[in-house]
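Grab a pencil and let's work through a few exercises together. Each one has a task and then a solution in steps.

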Amino acid sequence: MLRQTKYLSSRYNEPDGWSLSAYERDGGYKQAKRVLGGMTRDALIEDMKAANIRGRGGAGFAMGVKWSFMPWPPKPEKPHYLVINADEGEPGTFKDRTIMEKNPHSVVEGCIIGCYGIGAHTAYIYVRDELHLSKERLWGAINEAKAKGYLGKNPFGSDYAVEVFVHTGAGAYICGEETALLNSLEGKRGEPRLKPPFPAQAGAFGMPSTVNNLETIAIVPTALEMGGDAFSKLSELHNLKDGGSRLFGVSGHVNTPGVFEACVGLTLRELIYDLGGGVKGGKLLAVIPGGSSCPILRADDLVSAPNEKSPLFPWNGKSVLDVPLGVDTFRALGTMLGTCCAIVLSDQACPVLAMHNLMRFYRHESCGQCTPCREGSAWIFRIMDRIVAGQASIEELDRLSEIADNIMGNTICAFGEGTAMPALGFLKKFRREFEQYILTRGKSSPNRLTLPGHFAGAAE
Amino acid sequence: MTFALTPERESHLAEILSRYPNRMAATIPVLHLCQEQNGWVSEEIMEWVAHRLGISAAHVKGVATFYTLFNKEPVGRHQVWVCRTLSCALNGADALLHHCEKRLGVHVGGTTKDGSVTLRTAECLAACGQAPMMQVDRDYHENLTLADVDTILDRLTRS
């Protein structure tokens, strides 16, 4: 059900909505003050667990539970770190950027509360380098908060020191993977680490660390203000422990693309038609629900969940477009919720070219550390290139599936799955279109991604 | 070694070092600082960074070559990145890129003869709702038409 909210985005359209005065006018920093003013760590973590904030970066892990994994009490020789992942780069995803640019103080306040919750005194916000305005706004917010005495040795007069720093990458999608991010923060190549040890045991600088997505930490003050349970109950999927409200994005072939804040439980149909203004140039062909690593769904897919125990049982037989967007519901559909930012394809676009485009992305971004991913992503792209050039045979479709299958589970990090799963998704959902494309050398398909007449009138 | 940071950047470097528990962590920010001054990261700069941070030149080179935003050779006075990933591709990125190539008279990766602009492609720049888009130096230009691109490129080649 569509219920729009304004917890993170209430000041998005105000000219100075990102300033400290605007944030405080709306009650900002009261929760950080309350927490540092004497809330116990246990009470904070219990409230955060009750909030059922599922990580907003894609994996959907319960934030409160993650905080509780930190060793306790912290040892003086092993300082804890809070690390915020704002390396937003998953194709289709553009939500964290809006928070950094338009509501940066929610991040700083979230960091203060998060540091207290996990026993850290330092938070690093890892922002991809291209987002210059985001970095500027975050540093601005940090400096404003510091000048007011909200950060530093004695925030809000307490003796719980908190420092927040912005750290930047230098152009590498893989640094959004949490252990690659930690290496990058340490001044190393952004190559993922083997897990275990997990960051809670040995994270940044070898010390116990928690890595949270930027939106995850930014919603913490809101959840605390409402109370964890009340926040969770905003969601239609509260019973699945998927709580609260979050940012949804929609891009591609829709009339009004953008980022929208709503209660968890929104459906793809509502996201595409009510918020995204409907499909542009034709009918809905397919949608990638939450960033490019999530397997694609066809508009005509129906839910098959005859088992009562399935989280999808209530939607058995219905369109996938009517299933509430949730971590567990979308996992059960065979795809993922990911970052909740959907990419919409109209039937005027070619699914073969869409896969070609994404496989180029993965080939480019594989860090090269694990052979199955490095070679597999390049091999998949070479075959896609030949399909598009009209030089491939039908048998090569099976070869594509085989290569993708051999990447799965054979790599250090989830990038391998992130490449293989969408590849397998395209091949499964569009097998007929791929075969026809190969047999007719592209003539069966619109053979384009951009809608006809996109730049009509311009001198191309 | 002849490379040196300007005094302002020197003090910025000291501030950067204060953020981390060790010096190696400053590798990426310091490389950015050097590139900001020099336009690209030469072997000499990599050695300088290694020397200043007390780490090996091999480590710095490993880092500099891992990340795409460190230029390993000189680039134009301005850099243009056209995003070509799916949401932008669904909204005209290929035509836009082709238009840039024609207008600037260079292929992707090339620099105009007058040294004003280096044209590149980028993978997803997190502006999917404002597609098609391109980044020019530090700024995002979104919801582009070809006419917008002409205006932007004309300004760059004149400056």
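The exercises below are about a predicted model, and they go from the sheet and helices of chain A to its domains and its contact with chain B.

**Exercise 1. The sheet**

Task: Find the strand order of the open sheet in chain A and work out which strands are at its edges.

Solution:
- Start with the order, which is β3-β2-β1-β4 in chain A, with parallel pairing.
- Now look at the ends of that order: β3 (163–168) and β4 (209–213) of chain A each have a single partner strand, so one side of each has no neighbour in the sheet.
- How far are neighbouring strands turned against each other? On average by 20 degrees, ignoring direction.
- Zoom in on one pair: β1 (residues 80–86) and β2 (residues 120–127) of chain A run parallel and are joined by seven bridges.
- For a concrete example, take A:V83, whose bridge partner in β2(A) is A:Y124.
- Finally, add a helix: α8 (residues 178–185) of chain A lies across β1, β2, β3 and β4 of chain A, at about 110 degrees to β1(A).

**Exercise 2. A helix and its cover**

Task: List the buried residues of helix α3 (residues 41–51) of chain A, then say what covers them.

Solution:
- Going along α3(A), you should pick out A:L44, A:I45, A:D47, A:M48, A:K49 and A:A51 as buried.
- Next, look around these residues: the cover of the buried residues of α3(A) includes α2 (30–36), α4 (63–68), α6 (104–118), α10 (220–226) and α11 (228–232) of chain A.
- Step just past the end of α3(A) and you meet A:N52, with a positive phi of about 50 degrees.

**Exercise 3. Domains of chain A**

Task: Split chain A into its assigned domains and describe how domain 1 meets domain 3.

Solution:
- The assignment gives domain 1 (20–232), domain 2 (244–346) and domain 3 (351–439).
- Taken over C-alpha atoms, the centres of domain 1 and domain 3 of chain A are 35 Å apart.
- Their contact uses ten residues of domain 1 and nine residues of domain 3 of chain A.
- On the domain 1 side, those residues are six nonpolar, two polar and two charged.

**Exercise 4. Two chains together**

Task: Describe the side of chain B that touches chain A.

Solution:
- Count first: 40 residues of chain B are in contact with 51 residues of chain A.
- Which elements of chain B give two or more residues to this side? They are α2 (27–38), α4 (57–66), α5 (86–89), α6 (93–104) and α7 (146–158) of chain B.
- The largest share, four residues, comes from α2(B).
- By type, the chain B side divides into 23 nonpolar, 13 polar and four charged residues.

Definitions and conventions. Residues numbered from 1 in each chain as written. Chains lettered and ligands numbered in written order. Predicted model: local features only at pLDDT ≥ 70, side-chain atom pairs only at ≥ 80, totals over all residues. Domains from an automatic or database assignment. Contact = placed C-beta atoms within 7 Å. Nonpolar A, V, L, I, M, F, W, Y, C, P; charged D, E, K, R; others polar. Pairing = 2+ DSSP bridges. Axes fitted to C-alpha atoms, helices over the stretch in contact; angles between N-to-C directions. Buried ≥ 20, exposed ≤ 12 C-beta atoms within 10 Å, placed from the backbone.
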